[in-house]
Amino acid sequence: MSGLKRREFMKRGAALAAAGSLPLGVVELAFADDQTPDFSFAFISDSHITHIKGREFVRNFDRGLMRAVAEANLLHPRPDFVIYGGDIAQLGTAAEIDHGLDILGGLRGDVHYVMGEHDYYLDLGEHWERRLGPQYHSFDHKGVHFVVLNSILTHEAWTHGAWDSPMARMNEMARLDNPDGSPFMVGAAQRAWLKQDLERVYCDTPIVVLSHSPLQKIYRGWNFWTEDAEAVQALLAPFRKVTVLYGHVHQIQYNQIGNISFHAAMATAWPWPYPGSYSQQTSHLPKLTVPMNRADPFFERDATGWQFVNLHSGDIDVHYQLPGNTPRVVAFDAARGHPVDRHHQAPEDRLPTQDHY
Ligand SMILES: [Fe+2]
Ligand SMILES: [Fe+2]
């Protein structure tokens, strides 16, 4: 963007922000740097729309999603599309999924949806599929191959076990700390499809995989875990540059395994605890270099957010949009060969709590 155009937009953006019609974070985001990205997309996840009764839904979770939709629509330059990372619903009912999709229907442009366990384990994905189509697919965009996986499947025996009701099964999978749950997996059938899908892709083509659970093993006790992660990683190994974007963990995580960069999404609903709190486990992410500011019990959006993603030459930088805070940027560092914190919010950057909606 030329200096003149940039100045003009900043003036216009500042005026809009002053008028209260454009969130401050979006003005900063649009000009986080002067590079023109190959393309960008928005990444919204884990809204956990929760039905109370009749037309009543938990207000806080509705508002988190509405805010992300409103902010994503204001991005400039406009993102090419939106990824939704899963867990539209809390207990998988048609009412919750439909209400979530009503809010997400306000997004401009195409949305690609990933299946979350909260969307799936009531009716095994039936309503979701009726509304949104196949549970996994791939597409190509501007030279990048995107793969959308359903990573939250599990053993047939558990899925079709002797449950008193579909809701009993849903409730078992909906808990975080749950010894009666079952580890997530992509499964043999989908891996066979993935193998076939990737056979027609050149090794130099950048690949972005979208999953709900991390395609790496972080912590089994909370199902921050995909049982066949290594088998999926092996299918992705021949490619020069692979990025996996995932939801489910409701927090910022990033990691590098071989040729694969991993980035997690913030939830629009609530944060889960951080790796530091389960680092006594044998399998966990390295200590985060910059802890996230949290949690303010008087600010219902604290430690929630959504993402704006730039993709250039196969490298990704993720701009975490944190309500009431400055954006945090995690970007691939070619010299070090893994993602790093490029910009993060210092405590003194924290904005006063504002514009609850
Ligand atoms: Fe979730
Ligand atoms: Fe989830």
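Helices and strands are named here as DSSP runs, numbered from the N terminus. By that naming, P77 is found in the loop between α3 and β4, and the peptide bond that leads into P77 from H76 is cis, with omega near 5°. The model described here is a predicted one. Its protein chain holds ten helices and 15 strands. Of the 357 residues of the chain, 41% count as buried. Among contacts with a separation of 6 or more, 69% are between residues 24 or more positions apart.

A good place to begin the tour is the seven-stranded sheet. Its strands form an open sheet in the order β5-β4-β1-β12-β13-β14-β15, and the pairing is mixed. The edges are taken by β5 (111–113) and β15 (338–343); each has a single partner strand, so one side of each is left without a neighbour in the sheet. Neighbouring strands of this sheet are turned by 25° against each other on average, direction ignored. At the β15 edge, the pairing with strand β14 (residues 328–333) is antiparallel and runs over five bridges. Within that pair, V330 stands opposite D341 in β15.

Helix α3 belongs to the same neighbourhood. It lies across β1 (39–44), β4 (81–84), β12 (306–312) and β13 (315–321), running at about 170° to β1. Because the cut-off for roughly antiparallel is over 145 degrees, α3 and β1 can be called roughly antiparallel. The length of the helix also makes a handy check: at 1.5 Å a residue, the 15 residues of α3 (residues 59–73) should span 21 Å, and the end C-alpha atoms are indeed 21 Å apart. The buried residues of α3 are F61, G64, L65, R67, A68, V69, E71 and A72. An α-helix has 3.6 residues a turn, so residues three or four places apart point the same way.

Helix α3 also has a helical partner. Two packed helices are described by the angle between their axes and the distance between the axes. For α3 and helix α4 (residues 94–104), the angle is about 30° and the axes are 9 Å apart. The two helices are therefore roughly parallel to each other, and their crossing is right-handed. On the α3 side the meeting residues are D62, L65, M66 and V69, while α4 contributes G100, I103 and L104. Two of these α3 residues, L65 and V69, are also among the buried residues of the helix.

The six-stranded sheet comes next. Its strands form an open sheet in the order β6-β7-β8-β9-β11-β10, again with mixed pairing. Here β6 (137–141) and β10 (254–257) stand at the edges, each with a single partner strand, so one side of each lacks a neighbour in the sheet. The twist averages 20° from one strand to the next. Starting from the β6 edge, five bridges join β6 to strand β7 (residues 144–148) in an antiparallel pair, in which D140 stands opposite H145. Four bridges then link β7 to β8, and these two strands run parallel; F146 stands opposite V208 in β8. Further along, β9 (residues 242–246) and β11 (residues 260–264) also run parallel, joined by five bridges, and T243 has S261 as its bridge partner in β11.

Alongside these strands, another helix pair can be described. Helix α9 (residues 188–199) and α10 pack at an angle of about 10°, with axes 10 Å apart, and are therefore roughly parallel to each other. R191, L194, K195 and L198 in α9 meet A231, V232 and L235 in α10. The loop between β8 (207–211) and α10 (229–236) includes K217. This lysine, K217, is partly exposed, with 17 other C-beta atoms within 10 Å. K217 and A229 are twelve residues apart in sequence, yet their C-alpha atoms are 6.9 Å apart in space.

Finally, some backbone details deserve a look. Most residues other than glycine have a negative phi, and most peptide bonds are trans. H48, in the loop between β1 and β2 (51–53), has a positive phi near 45°. H48 counts as buried, with 25 C-beta neighbours inside 10 Å. K142 likewise has a positive phi, of about 45°, although it is not a glycine. It sits in the turn of the β6–β7 hairpin, where two residues lie between the strands. With 9 C-beta neighbours inside 10 Å, K142 counts as exposed.

Methods
Residues are numbered from 1 along each chain as its sequence is written. Chains are lettered from A and ligands numbered from 1 in the order in which they are written. This is a predicted model: local features need pLDDT of at least 70, side-chain atom pairs count only at pLDDT 80 or more; totals for chains, interfaces and linings use all residues. The expected span of a helix is 1.5 Å times one less than its number of residues. A residue is buried if 20 or more other C-beta atoms lie within 10 Å of its own, exposed if 12 or fewer, and partly exposed in between; C-beta atoms are placed from the backbone. Two strands pair if DSSP finds at least two bridges between them. Axes are lines fitted to C-alpha atoms, for helices over the stretch in contact, and angles run from 0 to 180 degrees between N-to-C directions. Two residues are in contact if their C-beta atoms, placed from the backbone, lie within 7 Å. Angles under 35 degrees count as roughly parallel, over 145 as roughly antiparallel, 65 to 115 as roughly perpendicular and the rest as oblique. A crossing is left-handed if the near helix is turned anticlockwise from the far one by less than a right angle, and right-handed if clockwise.
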